[in-house]
Amino acid sequence: MLEMRGIKKAYGTVQANRGIDLDVAAGQIVGLLGENGSGKSTLMKLLFGVVSADAGTIRFKDKPLSGHGPAQAMAAGLGMIHQHFTLVEAMSVTENVMLGAPGSSPWLSPRETASRIRQESATYGLDIDPDAMIGDLPHGRRQRVEIVKAILRGADLLILDEPTSNLSPPEVEGLLGIMARLRDQGRAIVFISHKLDEVIAICSEVVVLRDGAVAGTCRVEGATRAGLARMMVGRDMPPPIAREATAAGRNVLHVGQMALTERGVERLAPISFSLRAGEILAIAGIDGNGQTELAECLAGLRLPTAGGIDLDGHDITLASVGERTELGMAYIPVDRATMSLVTGMSVSDNLALRDFDKPPLSRGGYLARSYFAERAREMSQRFAIKASGPDIAARTLSGGNQQKIVLAREIGRHPAVMIAHQPVWGLDPGATHFVIEQILALRAAGGAIIYISSSLEEVMTLGDRIAVMQGGRLSIPIDRDTVDLTQIGLMMAGDDSLIHGAAA
Amino acid sequence: MDLMMIADLAAATVRISTPLLFAALGGLLSEKAGTFAVGIEGMMLAGAFTGAISAFVFGNVALGFALAALGGAATGSLLAFATARCRADQMVTGLAVNVLVLGLSSFLLRGLFGGRAPVIRLTPPGTWPLPWLSEIPVMGPVLFRQSAIVYLAFLLVVPLTLFLTKTRAGLTLRAVGENPEAAFAAGYDPIRIRMIAIVAGGALAGLGGAVLALQEVGSFTDGMTNGRGFIALAAIMVGRWTPVGAIAGCLIFGFVSALELRAQSWGLPVSSYVMQMMPYCLALALLAGVSRSARLPAAIGVPFIRH
């Protein structure tokens with residue numbers, strides 16, 4: 001159905017694509033694997049006409065496709081689901097589907113469109129209400145709106161750009177099911193991902209990109225995780241990090257019956273737990289079950305409405321973020337672009353955000369600029385931040401390097417307690433490995449860590465004790481040695497009998 | 001207060017609201033597509049100027065209105081080019097255009113007529129009484145004995161509402177104001193759509209200015225819009241970015257202005273300058289009350305950059 005030959009594209013001096021071939025047949029799901037920056041997104045943008053290629057040919061459904069824009073690509077039968085959705089939040093599902101829908105009438109036909117959405121929703125099990133406002137829908141639902149949009153626009157080939165990167169495990173299952181049904185109806189899918197398991201689960205063929213070129217193509221049957229990973233990074237993945245057992249340290253953080261009610265809605269049911277030095281408490285759970293509220297209450301961005309928090313003998317329940325920082329608390333928020341970094345500011349300024357007001361970074365109200373740069377260089381080296389200089393804006397760095405800035409800032413202070421909320425979200429395997437390594441190093445140095453993630457794999461490999469959040473309640477933390485995966489899965493899925501929020 | 005006074009107030013309200021209405025509906029188009037309509041004041045004044053001059057020179061009111069729309073649109077295209085195409089700051093550009101038109105109109109007024117500002121006397125457009133309605137006692141003659149342009153101002157809300165809610169183009173325009181990336185991904189050019197919206201809005205604002213010059217005042221004087229563009233801007237916000245709401249907003253401000261004018265003739269022991277502040281004080285009060293719940297188009301003020 002699709003035939004791409006010798007695709008080349010350069011951005012300035014960077015060769016994003018250096019002669020890529022890609023074939024996709026009808027009724028086939030092709031996985032496009034590769035680390036961040038390997039050229040996957042560029043290739044798909046070229047196909048969809050968002051950017052134009054320097055060289056190469058594209059044939060789609062036996063017709064050449066060149067010099068096209070997104071409009072022509074859609075008309076030809078291509079559909080793209082971007083990682084960042086292109087939906088209008090203040091509009092309904094139906095309005096979003098009508099936006100740019102093919103047709104010649106100047107008038108909108110909301111009723112007909114809504115019934116078509118219901119029909120497709122039933123066919124593919126999308127479970128979408130045409131009248132819902134996008135702003136009210138969770139992330140996974142919005143993605144399905146994007147899918148129905150593409151289908152109703154007559155897409156025969158769907159490009160899914162890292163569609164699972166912020167879905168919870170059940171949502172991923174649901175999406176894979178939808179993809180299978182789309183395939184069975186004869187549509188083709190290009191599935192961009194760097195999650196090996198998902199690619200192996202759903203694709204029939206995998207194309208691995210590395211440094212802008214095809215590193216290998218293989219059938220999924222017979223492919224192994226290790227083999228694919230090797231192709232992706234061009235070397236063997238380092239083995240999982242062995243963690244040393246640390247002697248259980250003293251309790252540094254104690255949370256007692258902490259609860260949060262906002263505008264009459266209970267966000268957190270009374271939560272109690274303790275955290276020891278040198279321990280990682282991993283908190284699993286599907287996004288939106290109170291993890292953000294818990295993290296922000298601990299970090300001081302929200303104030304709990306009941307209960308208390310004690311950090312090393314200090315009652316910090318109502319303490320400001322600054323006071324908590326002084327007492328040794330560090331925080332890696334879930335959204336690095338808006339919460340952790342000021343992306344328009346330089347690397348060195350971002351590194352200084354926690355302590356620019358104290359010596360040696362400032363003296364007598366003046367910033368010691370030379371020290372900013374010196375520390376930025378030192379931190380960049382220690383935390384392997386790849387930036388062309390300390391004065392470059394954080395915005396221009398890759399996600400992995402941005403997160404390393406946050407890590408450097410937070411871990412560089414040797415915190416007593418660190419709250420890490422999805423710290424490896426959206427990072428490529430190399431950067432993920434680095435972040436995990438640093439967190440384990442902090443643990444070894446006696447730091448107490450709360451690691452919140454929706455990825456069971458991360459939670460199971462990292463946690464000394466594991467707890468689950470569901471509906472604003474936290475289960476009793478369980479030792480990693482006695483933990484039962486099915487039990488965790490059931491708790492995440494909302495099995496009430498296993499959650500004892502108020503206990504412990 | 002007797003019936004005649006009420007009728008008198010109603011007439012003044014309609015008279016004062018009409019220019020505001022055109023300006024507010026024009027500004028609404030621009031804001032719905034994601035550009036702050038700070039430049040309405042300048043576009044109105046440009047319309048007032050070109051409308052008055054052309055009606056004066058050619059002796060034709062209809063031609064005056066047509067050229068006023070053109071004048072407003074020309075000013076709008078300047079703004080559109082600067083903000084949408086060149087991504088200049090919308091606030092600063094809007095204010096700059098306001099100052100530019102203020103100076104340029106005063107300069108041209110003198111330049112065109114040999115150094116001295118002429119006294120322009122204009123005949124207002126003829127009235128067009130509506131059958132039956134204009135015969136309603138007391139209120140009939142004041143409300144339904146208007147010129148065609150007044151009816152147009154109030155009727156414009158119908159096609160504009162239909163356009164925004166029921167047509168493909170209207171949906172696209174709103175999408176550009178909410179999330180230009182989404183409109184772009186749907187195959188539209190947000191920059192072009194924003195430019196069209198600003199220019200069309202400018203034409204309407206220009207008409208508003210012409211109504212002010214040709215009908216309400218019957219002359220052109222330096223800086224005669226005198227903040228009306230900003231009142232129209234406030235009316236858009238008070239009306240929560242809907243055409244019907246904008247009409248309501250304009251009528252509220254028109255009514256307060258009418259009250260202020262009448263209060264002066266009733267001889268209240270209050271300084272006339274204080275009375276003149278009333279519409280603006282009301283605007284501030286309403287905006288303070290409304291801003292918490294009102295929802296701006298999400299992408300207003302944010303330039304669209306194609307990645």
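Is A:Leu43 buried or exposed? In this predicted model, A:Leu43 counts as buried, because its relative accessibility is 0%, and the cut-off for buried is anything under 20%. The residue sits in helix 1 of chain A, which covers residues 40–48. Leaving aside residues up to four places away in sequence, A:Leu43 touches A:Met4, A:Ile7, A:Asn17, A:Ile20, A:Leu22, A:Leu32 and A:Leu209. A:Gly364 is another story: 321 residues separate it from A:Leu43 in sequence, and the two C-alpha atoms are 52 Å apart in space.

A:Arg225 makes a handy counterpart. This arginine is found in helix 8 of chain A, residues 225–233. With a relative accessibility of 40%, A:Arg225 counts as partly exposed, since that class lies between the 20% and 50% cut-offs. Its contacts, again not counting residues up to four places away in sequence, are with A:Leu196, A:Asp197, A:Ile200 and A:Glu457. As for A:Asp197, it lies 28 residues from A:Arg225 along the chain, and their C-alpha atoms are separated by 7.3 Å.

Zooming out to the whole of chain A, there are 17 helices and 23 strands to find a way through. The C-alpha atoms fill a box of roughly 70 × 50 × 50 Å along the principal axes. How does the radius of gyration of chain A agree with that of a compact globule? For 504 residues, such a globule would come out near 23 Å, and chain A has 24 Å, so the two agree. Of those 504 residues, 53% count as buried. Sequence-distant pairs turn up plenty in the contact list: among contacts in chain A between residues at least 6 apart in sequence, 67% join residues at least 24 apart. The accessible surface of chain A adds up to about 21200 Å², with 51% of that belonging to carbon and sulfur atoms.

Chain B has its own make-up, with 13 helices and two strands. Its radius of gyration is 19 Å, close to the 19 Å that the globule rule gives for 307 residues, so chain B is as compact as a globular protein of that length. Laid along the principal axes, the C-alpha atoms of chain B fill a box of roughly 60 × 50 × 40 Å. Buried residues make up 53% of the 307 in chain B. Of the contacts in chain B with a separation of 6 or more, 75% are accounted for by residues 24 or more positions apart. About 13400 Å² of chain B is accessible surface, and carbon and sulfur atoms hold 71% of it.

Next come the gaps inside the protein. Rolling a probe the size of a water molecule over the atoms shows where empty space is left. The structure holds two cavities of 30 Å³ or more. The largest encloses about 140 Å³ of space and is lined by 15 residues, with A:Met74, A:Met80, A:Glu146, A:Lys149 and A:Arg153 nearest its centre. Which elements of chain A each supply at least two residues of this lining? They are strand 6 (78–81) and helix 5 (139–152), and strand 6 gives the largest share, with four residues. By class, the lining of the largest cavity splits into nine nonpolar, three polar and three charged residues.

The second largest cavity has a volume of about 30 Å³. Ten residues line this one, and A:Gln83, A:Phe85, A:Gln143, A:Glu162 and A:Pro163 lie nearest its centre. Its lining has two nonpolar, six polar and two charged residues.

Finally, a couple of backbone oddities. Most residues other than glycine have a negative phi. A:Asp312 has a positive phi, near 55 degrees, without being a glycine. The residue is placed in the loop between strand 14 (306–311) and strand 15 (314–315) of chain A, and it is partly exposed, with a relative accessible area of 36%. Over in chain B, B:Trp132 also has a positive phi, about 65 degrees, although it is not a glycine. That tryptophan is found in the loop between strand 1 (127–129) and helix 5 (139–143) of chain B. Is B:Trp132 buried or exposed? At 75% relative accessibility, B:Trp132 counts as exposed, because that class takes in anything over 50%.

Conventions
Residues are numbered from 1 along each chain as its sequence is written. Chains are lettered from A and ligands numbered from 1 in the order in which they are written. This is a predicted model: local features need pLDDT of at least 70, side-chain atom pairs count only at pLDDT 80 or more; totals for chains, interfaces and linings use all residues. Side-chain values use heavy atoms; hydrogens and water are left out. On a 1 Å grid over the protein atoms alone, a cavity is a set of points where a 1.4 Å probe fits but cannot get out, and a pocket is an open set with protein on both sides within 12 Å along at least five of seven lines; lining residues have an atom within 4 Å of a point. Grid points are joined across faces, edges and corners, and a volume is the space filled by probe spheres set on the points. Ala, Val, Leu, Ile, Met, Phe, Trp, Tyr, Cys and Pro count as nonpolar, Asp, Glu, Lys and Arg as charged, and the others, Gly among them, as polar. Buried means under 20% relative accessible area, exposed over 50%, partly exposed in between (1.4 Å probe, protein chains only). The radius of gyration is taken over C-alpha atoms; the globule rule is 2.2 Å times the number of residues to the power 0.38. Contact means heavy atoms within 4.5 Å. Accessible areas come from the Shrake-Rupley method with a 1.4 Å probe; for residues, only the protein chains shown count as cover.
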